[in-house]
Amino acid sequence: MTTSVPVVQMAAVPVRSGLWRRLLRSPVGGVSAIVCAFLALVAITAPLLAPFDPARTFSQLLAGPSWSHVLGIDDLGRDEMSRLVYGIRSSLEVGILSVLLSGAVGVPLGLIAGFYGRWVDTIVSRLTDTVLAFPALILAVGMAAILGPSLFNVTIALAIGFVPTMVRVIRGETLVLRDRDFVRAAIANGVSDRVLLFRHILPGTVPALIVQATVALPAAIIGEAGLSFLGLGVQPPTPSLGVMLADAQQFYTTKPILAILPGAAIVIAALAFNLFGDALRDALDPRRARR
Amino acid sequence: MTPVLDVQDLSVTFSTEGRTTCAVDELSYQLSEGEILGMVGESGCGKSVSAMALVGLLPTSAQIAGVAQFGPDDLLNADSARLAELRGRDIAVVFQDSMGSLNPVLTVGRQIGEVVRRHQGASRGEARERARELLELVEIPAAARRLREYPHQLSGGMRQRVAIAMALACRPRLLIADEPTTALDVTVQAGIMDLLRGLRDQLSMSILLITHDLGVVADSADRVVVMYAGRNVETAGVREIFHAPQHPYTAGLLGAAPFPGARASGRLQEIPGTVPTLIEPARLCSFAPRCGNHGARCDAELPALLDDDSGHLAACWYPVSTRRGA
Amino acid sequence: MGRLLLRRAGESLVTLFLASIVVFVGVRAIPGDLANTLAGEQQDPATIAAIRHQYGLDQNVLLQYFHYLRQMLGGNFGTSATTGISIGQNILSALPITLELALLSIVIATIFGIGTGIVAAVRRGRPSGWLANVLALLGMSIPHFWFGVVLILVFAIAFPILPSSGFVPLGTSIGGNLESMIMPAIVLATGLAAVLMRQTRSSMVEALESGYVRTAQAKGLSWANIVFVHALRNSLITVTTIAGLQLGGLISGAVIVEQVFVLPGIGKLTVDSVFARDYPTVQAVALIIALGYIAVNFLVDLIYMVIDPRIRLRGAIA
């Protein structure tokens with residue numbers, strides 16, 4: 001006798017209705033959401049937004065703000081505003097891509113480690129421990145040395161750095177969900193492993209996944225800036241906030257704005273995403289909302 | 001004789017996020033020395049809230065009115081320093097969830113001992129000795145060894161005994177037991193209730209026993225207060241409550257409970273409808289919409305607790321049975 | 001607990017072993033012929049061949065690996081390709097600096113982070129609690145290199161109280177040493193302090209709203225007793241775990257901070273040797289760092305076991 005298996009309603013999936021409302025209810029959540037959206041917009045519309053090509057040079061080196069160059073010109077004659085805009089774009093590109101990549105690798109690994117356990121879990125755990133044994137920056141420095149410095153390689157390096165945490169988080173959630181009754185029911189119904197993992201357990205890990213992503217994104221932004229600062233990230237002429245900071249080092253006393261602008265941009269971006277992540281976390285789990 | 005606890009018109013209202021809920025409404029009762037007063041009612045009827053109000057353990061969003069006379073102190077209007085003195089020393093509480101109410105990272109001995117150290121200035125050694133005595137008092141075997149153990153190493157029943165030991169440390173006059181056996185197996189329940197009764201006899205302690213389990217009340221209580229939607233709807237000795245309940249709600253509760261021997265045939269009778277949540281204090285009887293004895297006066301006036309001259313009080317215009325010297 | 005300890009120790013060893021493979025493969029994965037790069041300016045075939053032999057690069061890969069392992073285990077790290085100085089020597093002089101930096105940062109971060117966390121938890125809902133939270137978020141969002149730069153601008157250039165760079169060893173002058181370390185330590189501490197503060201606050205809030213705190217109140221215990229003995233003891237468990245996870249970030253941060261403030265520590269040694277293509281140094285230093293990190297993690301697990309009686313007695317990490 002065959003019985004069709006209904007798709008079980010996930011108890012662990014966040015209540016979508018009212019999520020946006022709760023998110024935007026706190027002023028912090030609302031403001032940070034707006035800032036994040038704004039930054040994303042800047043990144044997407046960079047070619048339209050930037051007044052000039054960021055690599056194009058002008059003759060008035062180190063000029064102050066003017067009508068045509070709103071934020072001034074840097075030491076090589078490039079328009080600051082354009083560089084800032086494209087810099088934000090690089091940062092966000094690297095940030096989002098590295099998080100997505102770490103998810104693409106980390107989520108399946110975490111799922112199978114948590115679900116199958118025993119030797120699969122041992123192997124995955126030892127591998128992640130090994131990666132974790134190297135402080136993120138050392139790892140990135142090493143990777144850059146091997147792969148050569150570039151925007152893409154920075155993304156890969158950061159992604160590799162995030163994978164272990166992603167695996168740990170997903171593995172933890174999977175372990176908890178595996179023992180839930182709805183999974184046992186599905187197994188008893190003869191559902192295949194693949195369906196079980198991807199249609200039943202995976203949705204339950206989404207809240208933790210989102211939380212992890214919101215923590216990793218600001219870290220990626222700062223990480224990319226750090227690597228570029230060390231010279232291991234994007235190479236000229238691609239602008240990056242980190243490179244701008246590094247270039248500005250010589251001009252601390254003469255033209256500090258060259259250092260302040262990219263630094264402020266990094267801080268604002270990181271802060272906005274951190275706050276947004278916080279608000280998202282609170283909205284997803286009302287129990288944790290601050291009284 | 002003056003009662004150990006005299007509660008008059010206790011009212012508790014919660015206001016959160018712009019909504020107000022009236023949890024307890026003009027609750028009054030007395031508790032005599034050495035008496036076990038059972039407070040029964042469904043979940044949400046306000047019994048736990050009223051008890052927490054007595055010891056000042058309600059959240060700050062709670063507004064409390066009324067008087068709770070405990071010796072020279074009015075508990076509801078005492079300052080926090082005085083309350084802190086009384087708590088643990090003269091009034092003690094045993095909660096329902098023993099695992100949640102014991103600190104997982106401190107030893108049992110430490111948790112019992114700190115009550116004595118706080119209120120009686122005992123030294124570490126004295127506190128440890130007293131803790132050991134208390135564990136023996138609550139009939140936990142191998143007391144000395146248990147002192148060094150942690151809550152998670154004990155069974156549910158033993159943990160509850162530890163909670164009781166903690167409560168008794170300073171020989172309180174009043175013990176508030178909030179659903180002490182609800183989380184335990186039936187056989188373990190009996191042991192705990194036996195223990196409480198024994199302790200009451202030994203120490204002349206008064207117990208406010210809060211529970212929704214009528215069986216526990218029948219076994220252990222001397223008098224009973226029945227609560228519905230935040231109000232006291234009936235108060236009487238335990239025998240009267242069970243043999244001749246006056247308030248239709250009490251009668252309904254008894255009809256809905258499976259008692260050996262009573263109503264051997266037929267279904268358990270449900271009370272139709274659900275308990276209302278009050279936004280403001282009730283102006284009419286809250287039970288009326290569900291009541292089989294509903295009459296004209298119920299729509300006009302809120303019944304006060306009426307005494308039938310035998311000490312049996314019921315807040316009803318059309319009580320189920322009236323005992324007149326019967 | 002003994003069995004659990006043994007298991008963890010075994011896992012750490014396996015991880016260390018795997019890490020050594022990663023370092024070994026990593027160094028050899030760098031594009032370009034190793035011998036060529038090590039030869040530097042003297043690009044004649046004879047020198048290159050000699051170098052190849054000297055570093056054992058002409059041997060079978062597996063043999064090279066075992067040779068590498070034996071070297072590391074024996075503490076013989078070889079000599080730096082760029083300076084010719086014993087690598088072991090380099091490490092020995094650089095390590096204490098980074099350790100001191102890390103220690104100072106941890107102390108600052110703990111005092112400040114846990115302290116503000118407790119305040120934020122006890123005063124939650126009030127403006128001071130909210131302020132503490134914002135400060136913590138800020139701490140997590142400020143990149144080390146920028147913050148370091150700002151501090152230098154303010155305290156070394158605008159108001160010249162502290163040195164902008166350089167290191168004064170403890171042996172020479174304690175005051176001088178502290179002067180050169182205080183800014184880097186503060187910068188390094190910010191990230192850790194922020195995380196500690198948020199975690200302490202979150203754990204304390206959870207503890208303060210728990211059943212056992214309600215019991216403690218019902219027992220009439222003092223406020224100080226409830227906060228510091230009951231609530232804090234429980235919170236420290238999670239806080240320690242999280243802190244342990246952050247220690248890796250400390251070393252990462254040290255790399256940058258040492259660059260900005262020019263402190264000759266392990267971080268700077270690593271970066272410099274990578275840039276200078278000094279592979280023997282890279283091989284040794286990377287492994288040392290991995291070893292240190294694995295050891296610290298093991299220590300954190302140990303502390304965790306000591307603090308939480310549930311783990312100690314049940315023998316399982318909850």
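# Working through a three-chain model

Strands β6(B) and β7(B) run parallel to each other, paired over 4 bridges. Keep in mind that this is a predicted model. Here are some exercises to work through with the structure open.

**Exercise 1. Place β6(B) in its sheet and work out which of its faces are covered.**

Step 1: start with the pairing. Within the β6(B)–β7(B) pair, B:Val94 has B:Ala177 of β7(B) as its bridge partner.

Step 2: move one strand along. β7 (residues 174-178) is also parallel to β8 (residues 206-211) of chain B, with 5 bridges joining them. Here B:Leu175 sits opposite B:Ile207 of β8(B).

Step 3: write down the whole order. The open sheet has 8 strands, β6-β7-β8-β3-β9-β10-β12-β11 (chain B), and its pairing is mixed. Both β6 (91-94) and β11 (306-307) of chain B have a single partner strand, so each is an edge strand with one side lacking a neighbour in the sheet.

Step 4: now check the faces. B:Ile91 and B:Val93 are buried on one side of β6(B), and B:Ala92 and B:Val94 are buried on the other, so both faces are covered. To sum up, β6(B) is an edge strand with both faces covered.

**Exercise 2. Check the radius of gyration of chain B against that of a compact globule.**

Step 1: take the inventory. Chain B contains 11 helices and 12 strands.

Step 2: apply the globule rule. For 326 residues it predicts a radius of gyration near 20 Å, and chain B comes out at 21 Å, which agrees.

Step 3: look at the extent and the packing. The C-alpha trace of chain B spans about 65 × 45 × 40 Å along its principal axes. Of its 326 residues, 46% are buried.

Step 4: see how far apart in sequence the contacts reach. Among contacts in chain B with a separation of 6 or more, 65% join residues 24 or more positions apart.

**Exercise 3. Find out which pairs of chains touch, and which elements of chain C do the touching.**

Step 1: count the pairs. There are 2 pairs of chains in contact, and A and C share the most contacts. Chains A and B have no contact between them; their closest C-alpha atoms are 11 Å apart.

Step 2: take chains A and C. This contact uses 35 residues of chain C and 33 residues of chain A. On the chain C side, the elements giving two or more residues are α1 (2-29), α6 (127-141), α7 (144-158), α10, α11 (266-275) and α12 (279-307). α1(C) gives the most, with 7 residues.

Step 3: take chains B and C. Here 17 residues of chain C meet 25 residues of chain B. Elements of chain C giving two or more residues are α9 (211-218), α10 (223-261) and α13 (309-314). The largest share, 6 residues, is from α9(C).

**Exercise 4. Describe the surroundings of B:Asn103.**

Step 1: locate the residue. B:Asn103 is in the loop between α3 (98-101) and α4 (108-120) of chain B.

Step 2: is B:Asn103 buried or exposed? It has 24 other C-beta atoms within 10 Å, and the cut-off is 20 or more, so B:Asn103 is buried.

Step 3: list the neighbours. Setting aside residues up to four places away in sequence, B:Asn103 touches B:Gln111, C:Tyr212 and C:His230. The C-alpha atom of B:Pro151, 48 residues away along the chain, is 7.3 Å from that of B:Asn103.

**Exercise 5. Compare two helices of chain C, α1(C) and α5(C), with their expected spans.**

Step 1: do α1(C). Its 28 residues at 1.5 Å a residue should span 40 Å, and the end C-alpha atoms are 40 Å apart, which agrees.

Step 2: do α5 (residues 87-122). Its 36 residues should span 52 Å, and the end C-alpha atoms are 51 Å apart, which agrees. α5(C) does have a kink of about 25° at C:Ala94, shortly before C:Pro96.

Step 3: go back to α1(C) for its buried residues. These are C:Thr15, C:Ala19, C:Ser20, C:Val22 and C:Val23. Their cover includes α5 (118-132) of chain A, along with α4 (61-74) and α12 of chain C.

**Exercise 6. Find the residues that touch the most other members of the largest nonpolar core.**

Step 1: name them. In this core of 243 residues, they are A:Ala140, B:Ala165, B:Leu208, C:Ile289 and C:Ala290. Helix α8 (residues 174-208) of chain C gives the core its largest share, 16 residues.

Step 2: zoom in on B:Leu208. Beyond its neighbours within four places in sequence, B:Leu208 has contacts that include B:Leu174, B:Ile176 and B:Ala177, as well as B:Leu31 and B:Met39.

Technical notes. Residues numbered from 1 in each chain as written. Chains lettered and ligands numbered in written order. Predicted model: local features only at pLDDT ≥ 70, side-chain atom pairs only at ≥ 80, totals over all residues. Core = buried A, V, L, I, M, F, W, Y, C linked by C-beta atoms within 7 Å. Buried ≥ 20, exposed ≤ 12 C-beta atoms within 10 Å, placed from the backbone. Contact = placed C-beta atoms within 7 Å. Expected span 1.5 Å × (residues − 1). Bend = angle between axes of the 7 residues up to and from the residue. Rg over C-alpha atoms; globule rule 2.2 N^0.38 Å. Pairing = 2+ DSSP bridges.
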